[in-house]
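Please examine the model shown below before reading the exchange that follows it.

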Amino acid sequence: MSFSAVSRVVRPMRLAALAVLFASACSSVPEKLAYQPESALIDYPQALAEPAAYLGKPVRWSGLIVQTRVQVADSDIEVVYLPLKANGQPVQQEDSPGRFIIRVHGLLDPELYAKGRSISVVGELAASIEGHIGQQSYRYLVVQAKEHLLWPKVKEVEVRYVRDPFDGFGLHP
């Protein structure tokens, strides 16, 4: 087989392999948050509308931590719900349809699972609980966590734009 014939066969195969690689890299959640079949996952608005209908059903939710309370055998993480990006991380936005509790067996240090940190969880919807936000009563959806992922802190970087003092004087090529 001539070089050009091999090239015509190999080049499309390489392009197809690259396309699959890029597509899977851009849209996949971390293995820890994976769930199959994804179509079985219940989204937050569905569960909020009819919590009793989805008890024991699988969810994958995310958001920002409000606080972490350590119980006798479990840790409860109060979370402001935010929708998931394709990679499983919460979308940073200014509004939310509500809050939920992530219940994790064992001790989670409230200093690490601190207010403002991003978290994602895969688990099953458990019975709702009554609580308060300030002085107002609130019914929290509860997720019994199978896996959770505390996302790294976002470090703010100050960017300053400095104008080139020689710009416009024709002193550089």
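The questions and replies below go from the overall fold to single residues.

Me: On what basis are the residues numbered and the values accepted?
Reply: This is a predicted model, in which local features need pLDDT of at least 70 and side-chain atom pairs count only at pLDDT 80 or more, while totals for chains, interfaces and linings use all residues. Side-chain values use heavy atoms, with hydrogens and water left out, and along each chain, as its sequence is written, residues are numbered from 1.

Me: In what sequence do the elements of the chain run from the N terminus on?
Reply: Helices (H or I, at least four residues) and strands (E, at least two) are DSSP runs, numbered from the N terminus. The chain has 2 helices and 5 strands. Its elements run α-α-β-β-β-β-β.

Me: In what order do the 5 strands close into a barrel?
Reply: Two strands pair if DSSP finds at least two bridges between them. E1 and E2 run antiparallel and are joined by 8 bridges, with a hairpin of 3 residues between them. E1 is also antiparallel to E4, through 7 bridges. The pairing in the barrel is mixed, and the order is E1-E2-E3-E5-E4.

Me: Which residue in E4 is the bridge partner of glycine 63?
Reply: Strands of a sheet pair through backbone hydrogen bonds, either parallel or antiparallel. Among the facing pairs, proline 58 stands opposite glutamate 124 in E4, and isoleucine 65 stands opposite valine 79 in E2. For glycine 63, the partner in E4 is isoleucine 119.

Me: Which element supplies the largest share of the largest nonpolar core?
Reply: A nonpolar core is a set of buried Ala, Val, Leu, Ile, Met, Phe, Trp, Tyr and Cys residues joined through side-chain atoms within 4.5 Å; buried means under 20% relative accessible area, exposed over 50%, and partly exposed in between (1.4 Å probe, protein chains only). The largest core has 26 residues, of which Trp61, Ile77, Phe100, Ile102 and Ile119 touch the most other members. Helix H2 (44-49), strand E1 (58-70), strand E2 (74-82), strand E3 (99-105), E4 and strand E5 (136-150) each supply at least two residues of this core. The largest share, 7 residues, comes from E5.

Me: Is arginine 60 buried or exposed?
Reply: Arginine 60 has its place in strand E1. Contact means heavy atoms within 4.5 Å, and, not counting residues up to four places away in sequence, arginine 60 touches Val29, Leu33, Ala34, Tyr35, Glu38, Leu41, Leu84, Val121 and Val122. Because its relative accessible area is 9%, arginine 60 is buried.

Me: Which side chain forms a polar contact of 3.1 Å with that of arginine 60?
Reply: A polar contact is a pair of N or O atoms within 3.5 Å; within protein, one must be able to donate a hydrogen and the other to accept it, and residues adjacent in sequence count only if both atoms are side-chain atoms. A polar atom of the arginine 60 side chain lies 2.9 Å from the backbone oxygen of leucine 33. The side chain joined to arginine 60 at 3.1 Å is that of glutamate 38.

Me: What relative accessibility does alanine 126 have?
Reply: Alanine 126 is found in strand E4 (residues 118-133). Leaving aside neighbours within four places in sequence, alanine 126 is in contact with Leu55 and Val142. Alanine 126 counts as partly exposed because its relative accessibility is 23%.
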